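This briefing sets out computed features of one protein model for use in structural work. The topics are the core, the aromatic pairs, the pocket, backbone features and model confidence.

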Amino acid sequence: MEPIMTPAEQHYSDKLYACGVPPHLHAGLIAYLTAGISQDRFLVAVLDNNLGRAVAAGDAHSVAGLRNLSVFLSNHAPHTAWGSSDKVAKWLATFHKERV
């Protein structure tokens with residue numbers, strides 16, 4: 001039985017598939033965008049907009065999906081959630097404040 005997704009999680013899941021983002025990255029991106037859960041070095045580098053660090057940290061499948069990740073982020077992710085390390089820190093802090 002598959003876990004039930006919230007509407008926001010389902011929305012992002014649909015968009016990730018439509019953009020061709022490698023499936024092994026979906027859960028991490030959804031958790032980051034909907035719950036503010038920090039991710040592995042590759043995804044954090046992508047979210048920080050640090051191409052060099054992303055390429056160095058990613059496996060071959062992740063690196064091959066960088067263009068698709070960029071399309072997804074540009075068209076479907078909140079612009080306040082990615083693009084610089086400051087934006088990522090603020091995004092994560094927003095969720096942290098909600099849990100306190």
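The largest nonpolar core contains 25 residues, and V21, L29, F42, L69 and F72 are those with the most contacts inside it. Helices α1, α2, α3, α6 and α7 each contribute at least two residues to this core, and α3 gives the most, with five residues. The model is a predicted one, with a mean pLDDT of 94 for the protein.

**Core and burial**

- In soluble globular proteins, nonpolar side chains tend to be buried together.
- Helix α2 (residues 26–35) is largely enclosed by the rest of the structure, because seven of its 10 residues are buried.
- The buried residues of α2 are H26, G28, L29, I30, A31, Y32 and L33.
- L29, one of these buried α2 residues, is also among the residues with the most contacts inside the largest nonpolar core.
- F72, another of the residues with the most contacts in that core, has a relative accessible area of 0% and is buried.

**Aromatic pairs**

- Three aromatic pairs are found in a search of the whole structure.
- The pair of Y12 and F72 is edge-to-face, because the ring planes stand at 75 degrees, which is over the 60-degree cut-off; the ring centres are 6.2 Å apart.
- Y12 belongs to helix α1 (residues 7–19) and F72 to helix α6, so this pair ties together parts that are 60 residues apart in sequence.
- Y12 has a relative accessibility of 10% and therefore counts as buried, the limit being under 20%.
- Y32 and W91 form a tilted pair, with 6.3 Å from centre to centre and 35 degrees between the planes.
- The pair of Y32 and W91 links distant parts of the chain, with Y32 in helix α2 and W91 in helix α7, 59 residues apart.
- Y32 is buried at a relative accessible area of 1%, and W91 counts as buried at 13% relative accessibility.
- Y32, W91 and F95 are linked into a cluster by ring pairs.

**Largest pocket**

- Rolling a probe the size of a water molecule over the atoms shows where empty space is left.
- The largest pocket holds about 150 Å³ of space.
- Its lining consists of A45, V46, N49, N50, L51, A54, L66, L69, S70, L73, S74 and W82.
- By class, eight of the lining residues are nonpolar and four are polar, and no charged residues are present.
- Helices α3 (41–47), α4 (51–57) and α6 (66–76) each supply at least two residues of the lining.
- Helix α6 gives the most to the lining of the largest pocket, with five residues.
- L69 lines the largest pocket and is also among the residues with the most contacts inside the largest nonpolar core.

**Backbone features**

- Most residues other than glycine have a negative phi, and most peptide bonds are trans.
- N49 is not a glycine, yet has a positive phi of about 70 degrees.
- N49 is located in the loop between α3 and α4 and is among the residues lining the largest pocket.
- With a relative accessibility of 55%, N49 counts as exposed, because the limit is over 50%.
- G36, just after α2, takes a positive phi of about 65 degrees.

**Exposed alanines and separations**

- A56 lies in helix α4 and is exposed, with a relative accessible area of 66%.
- A56 and A81 are 25 residues apart along the chain, and their C-alpha atoms are separated by 22 Å.
- A64 lies in helix α5 (residues 60–64) and is exposed, with a relative accessible area of 61%.
- A64 and A8 are 26 Å apart in space, C-alpha to C-alpha, and 56 residues apart in sequence.

**Model confidence**

- Of the residues of the protein, 95% reach a pLDDT of 70 or more.
- Confidence is highest in helix α6, at a mean of 98, and lowest in helix α7 (residues 85–99), at a mean of 88.
- Helix α6, where confidence is highest, contains F72 of the edge-to-face pair and gives the most to the lining of the largest pocket.
- Helix α7, where confidence is lowest, contains W91 of the tilted pair with Y32.

Conventions
Residues numbered from 1 in each chain as written. Predicted model: local features only at pLDDT ≥ 70, side-chain atom pairs only at ≥ 80, totals over all residues. Heavy atoms only, no water. 1 Å grid on protein atoms, 1.4 Å probe; cavity = no way out; pocket = protein on both sides within 12 Å on 5 of 7 lines; lining within 4 Å. Points joined across faces, edges and corners; volume = space filled by probe spheres on them. Helix = DSSP H or I, 4+ residues; strand = E, 2+ residues; numbered from the N terminus. Nonpolar A, V, L, I, M, F, W, Y, C, P; charged D, E, K, R; others polar. Buried < 20%, exposed > 50% of the residue type's maximum accessible area, 1.4 Å probe, protein only. pLDDT = per-residue confidence, 0-100. Phe/Tyr/Trp six-rings, centres within 6.5 Å; stacked < 30°, edge-to-face > 60°. Core = buried A, V, L, I, M, F, W, Y, C linked by side-chain atoms within 4.5 Å.
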